[in-house]
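I opened this entry to look up side-chain pairings and burial. My notes follow in the order in which I checked them.

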Amino acid sequence: MKLVKISDLSSKYHKESKPFIRITSHGTIWFSKCAIERLFLEDKSCIDIFQDKENTRDFYIRRGGDLVVHVTKNSYAFCGNQKTVLLMKKELGLDKDKNYSFLIATEPTQFNGEMFHAILTTKTY
């Protein structure tokens, strides 16, 4: 076992060890290195983002779909889709001109035989 005191961890290490996405004011969705690994994303992979119509603040991400993801050489990925980002911000009551980061659930949820990762929108990261 190797214990590390949380307050001694740099913020960069802490953020890189968590799967999260960042939605920007420019309509881009950025994925952390850990999120790329968790979602098995590669350059030119596709994703879809879903909203639960029963709980409109709940969003899910699934590999495969219409949104093309580009992975950079330093292992960060981005996907430009302003319409999706603006819809998410509107449904969550967020300022459209600011950037927000949200954790992605570490364990997928199964729905209709497909696997989805919840985007944890209850608080920004």
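I began with Phe111, which I find exposed, with a relative accessible area of 52%, and I keep in mind that the model I am reading is a predicted one.

Aromatic pairs. My search of the whole structure for ring pairs returned three aromatic pairs. For Phe50 and Phe116 I read ring centres 5.1 Å apart and planes at 85 degrees, so I entered this pair as edge-to-face. I then noted that the pair joins distant parts of the chain, with Phe50 in strand E3 and Phe116 in strand E9, 66 residues apart. Phe50 comes out as partly exposed at 31% relative accessibility, whereas Phe116 counts as buried because its value of 8% is under 20%. Phe111 and Phe116 make another edge-to-face pair, with 6.4 Å from centre to centre and 65 degrees between the planes. I therefore drew Phe50, Phe111 and Phe116 as a cluster linked by ring pairs.

Salt bridges. I next looked up the charged side chains and found three salt bridges in the structure. Arg62 and Asp48 meet in a salt bridge at 2.9 Å, N to O. Since Arg62 lies in strand E4 (residues 59–63) and Asp48 in strand E3 (residues 45–51), I noted that the pair ties together parts that are 14 residues apart in sequence. Asp48 is buried at 16% relative accessibility, and Arg62 is buried as well, at 15%. Arg62 also meets Glu114 in a salt bridge, at 2.4 Å, N to O. That pair links distant parts of the chain, from Arg62 in strand E4 to Glu114 in strand E9 (residues 114–120), 52 residues apart. Glu114 is partly exposed, with a relative accessible area of 35%. I recorded Asp48, Arg62 and Glu114 together as a network of salt bridges.

I entered the Asp43 and Lys44 salt bridge separately, at 3.9 Å, N to O. Asp43 counts as partly exposed at 42% relative accessibility, and Lys44 as exposed at 56%.

Nonpolar core. Which residues have the most contacts inside the largest nonpolar core? I found a core of 23 residues, in which Ile21, Ile29, Phe31, Ile47, Ile49 and Ile119 have the most contacts. I followed up Ile49 and, leaving aside its neighbours within four places in sequence, listed its contacts as Ile29, Phe59, Tyr60, Ile61, Thr84, Met88 and Ile119. As background I noted that in soluble globular proteins nonpolar side chains tend to be buried together.

Notes
Residues are numbered from 1 along each chain as its sequence is written. This is a predicted model: local features need pLDDT of at least 70, side-chain atom pairs count only at pLDDT 80 or more; totals for chains, interfaces and linings use all residues. Side-chain values use heavy atoms; hydrogens and water are left out. A salt bridge is a side-chain nitrogen of Lys or Arg within 4 Å of a carboxyl oxygen of Asp or Glu. Buried means under 20% relative accessible area, exposed over 50%, partly exposed in between (1.4 Å probe, protein chains only). Helices (H or I, at least four residues) and strands (E, at least two) are DSSP runs, numbered from the N terminus. A nonpolar core is a set of buried Ala, Val, Leu, Ile, Met, Phe, Trp, Tyr and Cys residues joined through side-chain atoms within 4.5 Å. Contact means heavy atoms within 4.5 Å. Rings of Phe, Tyr and Trp (its six-membered ring) pair if their centres lie within 6.5 Å; planes under 30 degrees apart count as stacked, over 60 as edge-to-face and the rest as tilted.
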